[in-house]
Protein chains: 2
Amino acid sequence: MKILITGVAGFVGKNIAQKLLDQGHEVYGIDNFFNSTKSDVPKGVVFFEIDVANVEWFDFFKNIDIDIVIHLAAQSSGEVSFKIPNYDCNTNVIGTLNVCEFSKKNKVKKILFASSMSVYGESQGLVSEETPLIPLSLYAVGKKASEDYLRIYSRQFDIDVACLRFFNIYGIGQNLENMSQGMISIFLAQALNEEKIIVKGSLKRYRDFIYISDVVDILEFLAKASSLNGFVTFNVGTGEKTYLSDLISTIQTVSQTKKDVIIQNGTLGDQNGIYANNSKLIEITNKRKFTTLNEGLQEWVTTLKRENNFEN
Amino acid sequence: MKILITGVAGFVGKNIAQKLLDQGHEVYGIDNFFNSTKSDVPKGVVFFEIDVANVEWFDFFKNIDIDIVIHLAAQSSGEVSFKIPNYDCNTNVIGTLNVCEFSKKNKVKKILFASSMSVYGESQGLVSEETPLIPLSLYAVGKKASEDYLRIYSRQFDIDVACLRFFNIYGIGQNLENMSQGMISIFLAQALNEEKIIVKGSLKRYRDFIYISDVVDILEFLAKASSLNGFVTFNVGTGEKTYLSDLISTIQTVSQTKKDVIIQNGTLGDQNGIYANNSKLIEITNKRKFTTLNEGLQEWVTTLKRENNFEN
């Protein structure tokens, strides 16, 4: 298969790219290195440095019969979306529209899209795909609009599309230097390298944390599936609800640290508590077993220690 | 009051601008003349030619305490949105985000936004504000995303916002040369100037047609209202359902023409039948009486004849 991955240098992008390369697929990729560097692009990817919002990338791939686009390129922080709204909208909304247009023009068969649990916004607690979408951040508006664009292109131009509403993904390859994105990576970086763990918002908030290798499994399954029967949207979470207080204890235990925890004001557009009804995910992918938080953190910290990537 | 109107040279823009100027308000405006010309800008408007998607317009108004933004600038055709998706998204989505950012930075008190009944999309028949939004055109996705952005800015930054979901507006000032936008203006232009009336889609479709002077009354009321109490979204239609077959008969009768009617395939993303539950509009504005289709068409055609704007 010929697979184009947008945001191939990102956390999820480089992980799925590596797996597909290992299996002998032809992997093409673009990235603008907004939150990554050249060294994040797995060796073997046919790579072009360009922003997904810049249509010039269409030319790079015009003579290659791309079968599948895995569209991951995005500004990925709700907090940051309020600081650079135009960049967020351009990359995330125009970027998706470009993926749609490219796929229409080049007869791409399938698009897998990184949507987000943030589309639920004000809808709290256990959410299913039928729960109303009331975005709280500008980032979430862009993800919701992207799903709408993709649904229309899927139906009008006969492209299989899966929108994966990712809950909080964590694990090996996540950027430990970005303090605006990735709840676990932020706390883990602080536990390992800082004096204190700073929590922006209440410890009573809760989330659904899914380990990177589970997400890679799901993307791989969907890439290989013979047909998605049109347009499908589903939650990608474990169904487990973890309070931030428990998360931080687990991080401290696994990383063998004991830092003071400082509570600060929440960030704009943050959600209080949310976790996934993942029955649709299970129905589609037949994936029933998910890495536990403890297992995932253990594996990640062990890897970090081996790479000697932190100070203490 | 100091009022900034984006899209001031457009159909609705020039009509509301003229009314506010007549009442002695200071009216500022921008437009990119995508579907209009300099002659459409009412005399007395402090005008700058610029696209709403270009943030440079912020500078023009940075020393003027704008009280209200009436945000009408948009690519306004569902059909055209499929032909120039990037332009549509840039003007309509980035454009709205710019209005939001400008209003936040300049402490604008109120934004009135031209949303559209197209946000209902697949939801057919009589629609209220609680009806699910399932856009069928790229244009509709942009309007829906704009409402989401505006809701967030309204709540986070304390700006009164009204999103007016316009149904089919028609009347004096509408562009009779644009054959992609304005159902009545297209048919009327054909009845007056062409050999045939070409209908793209079934005559059994139905719509809710609201006359321009009613829309201007509603915008004027909202501009002057002391407070909107935060964020509000409502249908702006008459509540009357008119089949296309009846619309075309009325147009032929009022214009005293009898042209052949040719049925062609529908356009991408078109809606079948939709009309407004307008009880929320009535509750907010207390407007109970609407110009009938016959009255509106009579006034428009009489005006056109006086201006000798057509051939037969």
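Two residues are in contact if their C-beta atoms, placed from the backbone, lie within 7 Å. Keep that in mind for the exercises below. This is a predicted model, in which local features need pLDDT of at least 70, side-chain atom pairs count only at pLDDT 80 or more, and totals for chains, interfaces and linings use all residues. Residues are numbered from 1 along each chain as its sequence is written, while chains are lettered from A and ligands numbered from 1 in the order in which they are written.

**Exercise 1. Describe the overall form of chain A.**

Start with the contacts: among those in chain A between residues at least 6 apart in sequence, 78% join residues at least 24 apart. Next, take the radius of gyration over C-alpha atoms, with the globule rule of 2.2 Å times the number of residues to the power 0.38. For 312 residues a compact globule would come near 20 Å, and chain A agrees with its 19 Å. Finally, lay a box along the principal axes: the C-alpha atoms of chain A fill roughly 55 × 40 × 40 Å.

**Exercise 2. Work out the strand order of the open sheet of seven strands in chain A.**

First, the terms: strands (E, at least two residues) and helices (H or I, at least four) are DSSP runs, numbered from the N terminus, and two strands pair if DSSP finds at least two bridges between them. Following the pairs gives β3-β2-β1-β4-β5-β7-β12, with parallel pairing. The edges are β3 (46–49) and β12 (231–236) of chain A, each paired on one side only.

Now zoom in on one pair. Strands β5 (residues 110–116) and β7 (residues 160–166) of chain A run parallel over seven bridges. In β7(A), A162(A) is the bridge partner of L112(A).

**Exercise 3. Find how domain 1 of chain A touches domain 2 of chain A.**

Begin with the bounds, which come from an automatic or database domain assignment: domain 1 of chain A covers 2–169 + 210–236, and domain 2 covers 171–207 + 239–307. Their C-alpha centres lie 22 Å apart. Then count: 36 residues of domain 1 of chain A are in contact with 31 residues of domain 2 of chain A. On the domain 1 side, α7(A) gives the largest share, six residues.

**Exercise 4. Count the residues of chain B in contact with chain A.**

The count is 20 residues of chain B against 20 residues of chain A. For the elements, look at chain B: α4 (85–105) and α5 (138–157) each supply at least two residues of the side that touches chain A.
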